[in-house]
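Hi everyone, thanks for making room for me today. I'd like to walk you through one structure, a few spots at a time. Have a look at it first, and then we'll begin.

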Amino acid sequence: MKQYIIRRVGYCFLSLFLLSVTIFFFVRVTGDPATLLVEPGASDADIAAIHHQFGLDRPLLVQYGLFMWSLAQGDLGQSFYYQVPVVQLYLDRLPNSLLLASVAMGLSLLIGIPSGILASVQVGGFWDSAGKMFALLGLSLPSFLVGLVLILVFSVYLGWLPSSGSGTALHLIMPAFALGWYFAASHMRMTRSSMLDVLGSEYIKLAKLKGLPQKLVIVKHAFKNALIPVLTLAGVNLVIMVNVAVVVETVFAWPGVGRLLFEGISFRDFPVVQGTVIMGGAMIVIVNLLVDILYAVIDPRIRLGS
Amino acid sequence: MSPSGSRKTAADAAGAGSSISRRDLLAAAALGLATAPALAPTIARAAAPQGQLTYGIHVSLAPTWFDPAETQGIITPYMVLYALHDAMVKALPGELQAPCLAEKFSASEDGLTHDFVIRSNAKFHDGSPVTAEDVKFSFERYHGAAHDVLKKNVAAIETPDPTHVRFKLKEPWPDFLTFYSSASGAGWIVPKKYVEKVGDDGFKKAPVGAGPYKFVSFTPGQELVLEAFEGYWRKTPAVKRLVMKVIPEESTRLAALKGGEIDIAYSIRGELAEEVTHTTGLSLKPVVLQAPNWLYFPEQWDPKSPWHDVRVRQAVNFAIDREGMNKALFLGYCKTTNSIVPYTFADYWQPPAAVYDPAKAQKLLAEAGHGGGFDAGLLYCDSSYSNMAEVSLNNLAAIGIRLKLQPIERAGFFGGYAAKKYAKGVIQGASAAFGNAATRMENFVVKGGSFAYGSYPDIDELFPKQADEMDPAKRAAILTKMQQLVYEKSIYAPIWQLGFLNAVGPRVGESSFDRISGFAYTAPFEDLTIKA
C-alpha cells in the first residue's frame with residue numbers, strides 16, 4: 001500500500017510538472033503582453049521598458065527556471081495587470097468560485113438525480129423521453145447562451161433577478177443554474193444508467209418477487225447502490241466547476257477563479273494564467289489521488305494488482 | 001442598485017445654489033437669530049454631494065491605475081485617475097492644457113525653465129495641502145511609459161518655496177508640457193508624506209489623491225467605490241458616491257443598464273448600441289477618440305511598385321467610402337478624417353475633407369498607367385478591425401486594386417507593423433498614442449520613426465527644425481508644413497477617428513461624456529449630476 005501511494009504521488013508530481021511546462025510555454029505562444037499594456041503605435045522603447053519590468057527580456061529557459069523556483073516556494077508570481085501576487089488574487093476569488101460551484105452542484109444533483117431515477121423506472125416512457133431531451137439540451141446548449149437567455153428573461157423582461165455581480169443570494173441563482181444545467185444533464189445520464197444496472201440485478205428481482213412495493217425497492221434498495229458512481233462523478237465535477245466556470249463567471253460578472261483566468265488570458269497576464277491553471281490542475285490531481293487511494297483501500301485488487 | 005433616495009438628493013445637488021426657498025428665508029427671519037445656527041447646517045447639507053451613480057465598466061480595474069507613477073501609455077487608467085487624482089496641468093473641457101493644481105505656469109524665453117505656481121486651495125484627501133515637495137516627489141517617483149524621455153530632458157527640479165516649482169531642462173524641449181500634462185502620469189500629484197509612510201504597495205491599496213473623489217474600497221475584478229471629496233478646489237462634486245462595477249460582457253452591461261442596476265455603461269457597440277437608441281430612457285453617448293485609422297502604403301518608396309506613383313495613392317483616398325463604412329459599422333459615430341494626427345492634438349493642421357469619388361479614383365489610376373487595375377498583394381490589419389478592412393478592400397476592388405485580407409491578432413499585428421514586416425502590400429494601421437502633431441510625425445512619418453517604412457527628405461529636414469524652435473507660432477507653422485506635405489504626398493489614406501460608444505440610464509443628468517476632446521470616459525467627475 002505504501003509503495004502504491006508513493007507511486008501515485010510520484011505520478012501526481014510528474015503530471016503537475018508536465019502541466020507547468022505546457023502552460024508556461026503555451027501561454028507564451030499567445031503573444032507579447034507588453035503590446036496590450038500600451039496603446040497601438042507606442043514606441044519600441046515603451047515596449048522594451050515593459051519587457052524589462054516583467055523579466056520578459058530574459059531567455060525563456062531562465063524565465064522558466066525562475067518560475068519553477070518560485071513555484072517550489074509557493075509563489076505563483078506577480079500579476080502583470082493587477083501588480084499583486086497571484087496567490088492573493090487566486091485566494092480572493094476562490095471562495096466565490098467554491099460558493100458558485102457548491103450551489104450549482106446542489107442544483108445539478110437536485111435536478112439530475114430525481115430525473116435520472118424517473119427516466120430509469122419508465123424506460124421509453126414520458127419521463128425517460130423528457131429526461132433525454134433535458135440532458136441533450138443541457139449538454140449541447142452553450143452556457144453563455146443559457147446565461148444570456150436567463151438574463152434577458154429574469155433581469156430585463158421580468159426584473160426579478162440582478163443581471164450580474166455578487167453579494168446576495170439572488171445574485172447566485174442565474175449563474176448557478178447556467179453552470180449547473182450542463183452538469184445536471186451529466187448527472188441525470190449517470191443516474192439513469194447506474195439505476196438501470198442496479199434494477200437489473202438479482203437482489204432487486206428478489207426484492208420484487210418478495211412483493212415489496214416498487215417505491216420501496218427503488219428508494220431503499222436500488223437508489224443507494226446506484227448513487228455511488230453518481231457521487232464519485234459529482235466529486236470530480238465539483239472540482240471542474242470551480243476551475244472551468246470561465247464563461248458563466250464572465251457573462252454574469254461573477255468574481256471567481258474562472259473569470260480570473262479569463263482576465264489573465266485577455267491581458268496576456270502570464271503569471272495569472274500559469275497560476276490559475278496550475279492551481280486548478282493541482283486540485284484535480286489531488287482529488288484523483290484521494291479517489292485512487294480510497295479505491296485501493298476499498299478494493300485490494302487495485303493495490304495488489306498495481 | 002441605485003438608492004431611491006438619490007433622486008431627491010439629486011434635485012438638491014442639481015440646484016444647490018437655489019435650494020433655499022424664499023419661505024425658508026422668511027421663516028428664518030421671523031424666528032430671529034436663534035435659528036441662524038440651525039439654518040447654517042441646512043445650507044451645508046443642501047450644497048453637499050448626494051446620491052449614487054453606478055458604472056458598468058468594460059475592463060477589469062487594475063490597482064496600478066490608482067497610482068499615477070505607474071501609468072503606461074494607454075488611456076484606460078485615466079478613467080480612474082481623473083476621479084482620484086489631479087494634475088498640475090491637464091485637459092479640461094475646452095482646454096487641452098488647463099491649469100489645475102498649478103494655478104499658473106510659464107516657460108522662460110529660452111525654453112530651458114518651466115515655472116509652476118501651486119493653487120493655494122489645492123488639498124489632498126487627507127486634508128494636507130499640495131506642496132512643491134509633493135510635485136517634485138511625484139515627478140521623481142514616476143516610472144511609467146514616458147519615464148525615459150522625461151528624465152532625459154529634465155536636468156533638475158527646484159522648489160524655491162512650498163508653492164513654487166521650477167523644472168530646468170537640459171536643452172529646449174517644446175514638448176515638455178505635452179508630456180508633463182497629458183502624455184504621462186508624471187504631472188499627477190501624490191502626497192509625499194503619505195506615500196513614504198505606506199509605501200508603494202500600501203498606496204495602491206489605499207490611494208490618497210487630490211482629485212474630486214476619495215477612495216473608499218476596491219475589490220479586484222468586482223468594483224471600485226469612491227466618495228466625493230468636498231474640499232476639491234475646482235468645485236464640490238454633486239454626486240456623493242460613485243461605484244464602478246466591472247461587467248466584462250457587453251450584453252450583460254446593457255441588461256444591467258436596462259434593469260436600472262447601473263447608470264452608466266462603457267463600450268456598447270454595434271447592434272447593442274442601436275438597441276440603446278430604441279430604448280426609452282436610455283441614451284447613447286458617443287465619444288470620438290484620439291485614435292485615427294488609416295491605410296498605409298509601405299511600397300511607396302520602391303520605384304518599381306505601382307504605389308510609388310502619388311496618383312495611385314491619391315486614387316485610394318478617393319476610393320474609400322468613409323461615410324458608408326461609418327454608418328454601417330459604427331452608426332455614423334466615427335469622425336471621418338484626412339489626417340493621421342488627431343484633431344485634438346496640439347499643432348494639428350486641418351486638411352481638406354476626404355472625398356468619396358470612385359470615378360475620379362479610376363481616372364487617377366488610368367493616368368498612372370494602371371487603368372486595368374493591379375494586384376496589390378495583402379492588406380494587413382488588426383483582426384479586431386477586419387470589418388473595416390473588408391470594406392476598404394471592397395472599395396479598392398471596385399476601382400481595380402485587388403488585395404487579399406490578412407487579419408492578424410492585435411498584438412501580433414502591431415508587433416509586425418513596428419518590426420517593418422509588412423513591407424509589401426497595404427497596411428490598415430491606427431494609433432491612440434498620446435502626444436501632439438510632432439510626436440505623431442516622429443513615430444509615423446520621419447526617418448527612423450517606429451512605424452515609418454520610409455521617409456521623404458523634405459519632411460525629414462523640417463523635423464529637427466520644429467524640435468529646436470521655441471516660438472510656438474513658428475513651430476506650429478513648421479508642423480503645419482509637415483502635415484501638408486504628408487497630405488500632398490498621400491503617404492497615408494486616413495479613414496476616421498474611432499467612435500467609442502457608451503450609454504447612460506434615465507437617472508443621469510450630466511454624464512460628462514465628450515466634454516474633454518478625444519477622452520473616452522466621463523470627466524470631469526465633479527461635473528456629474530443626477531436628474532431630479
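Let me start with a bit of vocabulary: a residue is called buried when its relative accessible area is under 20%, exposed when it is over 50%, and partly exposed in between. Please also keep in mind that this is a predicted model.

Now let's use those words. Take B:D347, which has a relative accessible area of 23% and is therefore partly exposed. You'll find B:D347 in the loop between β13 and α13 of chain B, where α13 covers 358–367. Its phi is near 65°, a positive value in a residue other than glycine.

B:L331 tells a similar kind of story. Phi of B:L331 is near 55°, again positive in a residue other than glycine. B:L331 sits in the loop between α12 (322–330) and β13 (335–336) of chain B, and with a relative accessible area of 27%, B:L331 is partly exposed.

While we're talking about the backbone, what kind of peptide bond leads from B:A523 to B:P524, cis or trans? That bond is cis, with omega near 0°. B:P524 belongs to the segment after β17 (492–504) of chain B.

Next, two serines. B:S181 lies in helix α7 of chain B, residues 176–181. B:S181 has a relative accessible area of 1%, so this serine is buried. What does its side chain meet? A polar atom of the B:S181 side chain lies 2.6 Å from the backbone oxygen of B:L177. Leaving aside residues up to four places away in sequence, B:S181 touches B:V89, B:K90, B:Q97 and B:W188.

The other serine is B:S138, in helix α5 (residues 132–141) of chain B. B:S138 counts as buried because its relative accessibility is 4%. Apart from residues up to four places away in sequence, B:S138 touches B:A186, B:W188, B:I189 and B:V190. You may notice that B:W188 turns up in the contacts of B:S181 and in those of B:S138.

Let's look at a whole helix now. How many of the ten residues of helix α11 in chain B are buried? Seven are, so we can call this helix, residues 310–319, mostly covered. Among the buried ones are B:V312, B:R313 and B:F318. At the start of α11(B), a side-chain oxygen of B:D309 comes within 2.8 Å of the backbone nitrogen of B:R311.

For a contrast, let's go to the surface of chain A. Nine residues might be a lot to hold in your head, so here are some of them: the nonpolar patch includes A:F144, A:L145, A:W160 and A:V247. Together, the residues of the patch have about 860 Å² of accessible area. Which element gives the largest share of the patch? Helix α6 of chain A (residues 143–157) does, with six residues. A:V247 comes from helix α10 of chain A, residues 246–251, and is partly exposed, with a relative accessible area of 38%.

On to charged pairs. A search of the whole structure finds 29 salt bridges over all chains, and I've picked three.

In the first pair, the side chains of A:D128 and A:K132 meet at 3.8 Å, N to O. Both lie in helix α5 of chain A, four residues apart, about one turn of the helix. A:D128 counts as buried at 1% relative accessibility, whereas A:K132 is partly exposed at 48%.

In the second pair, A:E263 and A:R259 meet at 3.3 Å, N to O. They are separated by about one helical turn because they are four residues apart in helix α11 (residues 257–266) of chain A. Here both partners are buried.

The third pair is B:D527 and B:R234, at 3.4 Å, N to O. B:D527 lies in the segment after β17 and B:R234 in the loop between β9 and β10, so the pair ties together parts of chain B that are 293 residues apart in sequence. B:D527 counts as buried at 8% relative accessibility, and B:R234 as partly exposed at 29%. Salt bridges that share partners also join B:R234, B:K235, B:R515, B:E526 and B:D527 into one network.

Last stop: cysteines. How many disulfides does a search of the whole structure find? Zero, over all chains. B:C334, for example, has the sulfur of B:C381 as its nearest cysteine sulfur, 15 Å away. B:C334 is buried, with a relative accessible area of 6%.

That's my tour, and I'm happy to go back to any spot you like.

Methods:
Residues numbered from 1 in each chain as written. Chains lettered and ligands numbered in written order. Predicted model: local features only at pLDDT ≥ 70, side-chain atom pairs only at ≥ 80, totals over all residues. Heavy atoms only, no water. Buried < 20%, exposed > 50% of the residue type's maximum accessible area, 1.4 Å probe, protein only. Polar contact = N/O pair within 3.5 Å; in protein donor to acceptor, adjacent residues only side chain to side chain. Contact = heavy atoms within 4.5 Å. Disulfide = S-S within 2.5 Å. Patch = residues over 30% accessible without salt bridge, like charges linked within 9 Å, V, L, I, M, F, W, Y side chains within 5 Å. Areas by Shrake-Rupley, 256 points an atom, 1.4 Å probe, with all protein chains shown as cover. Salt bridge = Lys/Arg side-chain N within 4 Å of Asp/Glu carboxyl O.
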